[in-house]
Amino acid sequence: MAVVFERPKSLCDVRLHYCAGCTHGIIHRLVAEVIDEMGIEGTTVGVCPVGCSVFAYNYFNCDMIEAPHGRAPAVATGVKRARPDLNVFTYQGDGDLAAIGTAETVHAATRGENIAIIFVNNGTYGMTGGQMAPTTLPGQVTTTSPYGRNPKTAGYPVHVCEMLSTLDGTALAVRTAVDTVPHIREQRR
Amino acid sequence: MEKVLMKGNEALAEAAIRAGCKCFFGYPITPQTELSEYLAKQMPKRGGVFLQAESEVAAINMVLGGAATGTRVMTSSSSPGISLKSEGISYIAGSDVPCRIVNVERGGPGLGSIQPSQQDYWQATKGLGHGDFRLIILAPNSVQEVVNLTSRAFDLGEKYRMPVMLLSDGLLGQMMEPVEFPEAVSEPADQSAWAATGTKMAREHHIINSLYIEANDLEEQVVKRYEKYAKIEESESDAELYLCDDAEIVITAFGATSRIVKSAVNKARAEGIKVGMFRPITLWPFPKKQLLDACKNAKNVLSVEMNMGQMVEDVKLALDCKLPVSFFGRTGGIIPTPNEVLAEIKKLNGGAQ
Ligand SMILES: Cc1ncc(C[n+]2csc(CCOP(=O)(O)OP(=O)(O)O)c2C)c(N)n1
């Protein structure tokens with residue numbers, strides 16, 4: 001019988017802890033498929049954040065480093081500068097990348113660090129239980145914007161891709177959704 | 001090798017390169033800036049990396065990343081910058097990754113002053129971040145010792161897989177003294193058993209991590225780390241004893257202050273006062289046994305520091321109420337004079353002025 005569907009080699013054979021309906025699992029798979037396709041698992045170091053995907057170090061088969069909340073781009077910079085021969089990626093949530101880690105993100109981008117940042121925007125702080133994130137939409141109800149995000153007091157969402165694409169050091173900034181199969185296919189490219 | 005005249009900060013930078021430091025991540029702050037500037041000039045010419053980070057927070061996390069690959073990396077800062085680094089230091093300690101951190105202390109709290117001070121003794125020995133952990137803290141008192149302790153810091157870090165801090169201050173950083181660089185420097189130890197350098201598809205993946213979601217697992221890790229700390233206390237504590245054999249008064253002082261105290265001790269000895277000096281070179285582990293030895297004939301102990309009385313608490317703990325311990329210090333960037341210290345010695349020696 002022909003095998004039509006397999007776990008990517010760069011993913012460990014373990015049960016993921018993510019909630020039903022969460023897209024972290026899909027995005028892990030996409031990242032792992034790309035690592036497999038490029039044949040770089042043995043030279044890749046991943047940096048996982050504080051957030052729902054904090055346990056990503058147990059899921060990716062490459063060497064992994066767990067970074068403090070928001071600091072993954074700085075940690076990745078350290079790895080890449082010390083060992084330019086390695087392929088380095090970070091995997092970060094919106095609170096991690098666009099709130100507490102804004103400075104690290106912007107400056108890694110403007111320095112043109114040769115790293116890949118996988119940015120997972122779920123519009124909330126997932127791990128701590130659904131608080132308002134920098135990407136929460138106006139009017140969106142979260143546990144810390146119980147009446148809906150009010151731009152007058154809580155400001156507007158940060159447009160991460162637009163912001164980073166103004167920097168000369170950014171090589172590529174793309175945004176896609178992973179809500180439907182066509183979107184997922186598109187993202188893989 | 002011949003001696004060269006160098007500023008403490010620059011000598012430290014040169015010693016780091018010679019000790020095999022491959023990456024430096026920093027952020028400008030007085031009074032340590034010459035150290036970064038020296039490395040900015042030298043690293044690119046000598047096969048190393050100099051990177052000015054966007055903040056001390058970023059710099060220490062770059063250190064975490066670089067150190068996680070088993071590379072010799074270093075960062076340096078001064079007091080307010082070290083406060084910002086403490087989050088990263090806690091993660092580095094919790095991930096059992098070796099690295100070197102330099103604090104060229106200045107006055108505090110807050111923005112304080114840019115003058116020399118020793119107000120970060122507590123921070124260095126007890127408060128470098130959240131959680132149960134230690135750093136080895138080395139406190140040189142001359143430009144030559146800054147150089148000597150630099151390669152030792154890398155060796156110790158790798159031997160025990162932990163961060164090591166070199167606690168300097170504005171005085172040591174800025175003053176010029178003749179120094180000699182050792183011919184042979186230590187080779188970086190093999191870190192391949194744990195470092196994140198890519199699996200090469202030839203081994204299990206390495207995980208550099210400080211998270212243990214199961215309380216029992218976390219406790220096990222912390223206890224294991226404390227067993228290591230106990231070994232370090234046993235074998236790595238280091239101190240200088242100066243004229244302590246017959247000393248009835250022992251003055252404890254570390255770093256630059258010990259130079260002033262030594263002058264005061266010499267002056268007092270010339271007047272026939274039996275006084276000596278005990279200088280811890282490792283602030284953690286605090287050299288308790290050596291202190292007890294230094295105080296074997298002492299009736300009084302005096303701690304002299306450039307702060308409001310920080311190390312004096314460790315002196316009291318080590319002496320365990322066996323001797324009266326008093327304190328003299330100046331703070332906020334004021335350097336005590338030998339005559340001020342001499343006056344304190346005379347007070348203890350029967351009060352005669
Ligand atoms: C310094 C620090 N502040 C706060 C936290 C608590 N914390 C853990 S996860 C998290 C939010 C993560 O949200 P996000 O980055 O959007 O990722 P998600 O969980 O949604 O995937 C916060 C605030 C922490 N661990 N460290």
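Is Gln119(B) buried or exposed? With a relative accessibility of 17%, Gln119(B) counts as buried, because the cut-off for that label is under 20%. Keep in mind as we go that this is a predicted model.

Let's stay with Gln119(B) for a moment. You'll find Gln119(B) in the loop of chain B that links E5 to helix H5 (121-126). Its side chain gets to the backbone nitrogen of Gly108(B), at a distance of 2.7 Å. Setting aside residues up to four places away in sequence, Gln119(B) touches a run of partners that includes Glu105(B), Arg106(B), Gly107(B) and Gly108(B). Further along the chain, its contacts also include Met306(B), Asn307(B), Gln310(B), Thr331(B) and Gly332(B).

Another loop residue in chain B makes a good next stop. Asp96(B) sits between H4 and strand E5 (99-105). Asp96(B) is buried too, because its relative accessibility is 14%, and the label applies under 20%. Apart from neighbours within four places in sequence, Asp96(B) is in contact with Arg161(B), Gln221(B), Arg225(B) and Lys228(B). If you want a sense of distance, try Ala58(B): it is 38 residues from Asp96(B) along the chain, and their C-alpha atoms are 19 Å apart.

Now for the place where the two chains meet. Chain B puts 34 residues into the contact and chain A puts in 36. Together they bury about 2600 Å², with carbon and sulfur atoms giving 62% of that area. There is polar chemistry here as well: 14 residue pairs are in polar contact across the interface. Which parts of chain B supply at least two residues each to the side that touches chain A? They are strand E2 (23-26), strand E3 (49-52), helix H3 (56-68), helix H4 (79-94) and strand E9 (207-208). H3(B) gives the most, with 8 residues. Sorted by class, this side of chain B comes out as 17 nonpolar, 12 polar and 5 charged residues.

As for charge pairing, 3 salt bridges turn up across the interface. One to look up joins the side chains of Arg71(A) and Glu87(B), at 3.1 Å from N to O. The chains also pair through their strands: E9(B) and strand E2 (residues 63-66) of chain A run parallel and are joined by 2 bridges. Within that pairing, Ile207(B) stands opposite Met64(A).

Over in chain A, have a look at helix H3 (residues 72-82). Of its 11 residues, 10 are buried, so this helix is largely enclosed by the rest of the structure. The buried set includes Ala72(A), Pro73(A), Ala74(A), Val75(A) and Ala76(A). Thr77(A), Gly78(A), Val79(A), Lys80(A) and Ala82(A) are also among the buried residues of H3(A).

Our last stop is Val158(A), in the loop between helix H6 (151-154) and helix H7 (160-165) of chain A. Why does Val158(A) count as partly exposed? Its relative accessible area is 29%, so it falls between the buried limit of 20% and the exposed limit of 50%. Leaving out neighbours within four places in sequence, Val158(A) is in contact with Ala98(A), Pro134(A), Thr135(A) and Met163(A). Ser10(A) is elsewhere in the chain: 148 residues separate it from Val158(A) in sequence, and 32 Å separate them in space, C-alpha to C-alpha.

Methods. Residues numbered from 1 in each chain as written. Chains lettered and ligands numbered in written order. Predicted model: local features only at pLDDT ≥ 70, side-chain atom pairs only at ≥ 80, totals over all residues. Heavy atoms only, no water. Contact = heavy atoms within 4.5 Å. Buried area = accessible area lost by both parts, 1.4 Å probe. Salt bridge = Lys/Arg side-chain N within 4 Å of Asp/Glu carboxyl O. Polar contact = N/O pair within 3.5 Å; in protein donor to acceptor, adjacent residues only side chain to side chain. Helix = DSSP H or I, 4+ residues; strand = E, 2+ residues; numbered from the N terminus. Nonpolar A, V, L, I, M, F, W, Y, C, P; charged D, E, K, R; others polar. Pairing = 2+ DSSP bridges. Buried < 20%, exposed > 50% of the residue type's maximum accessible area, 1.4 Å probe, protein only.
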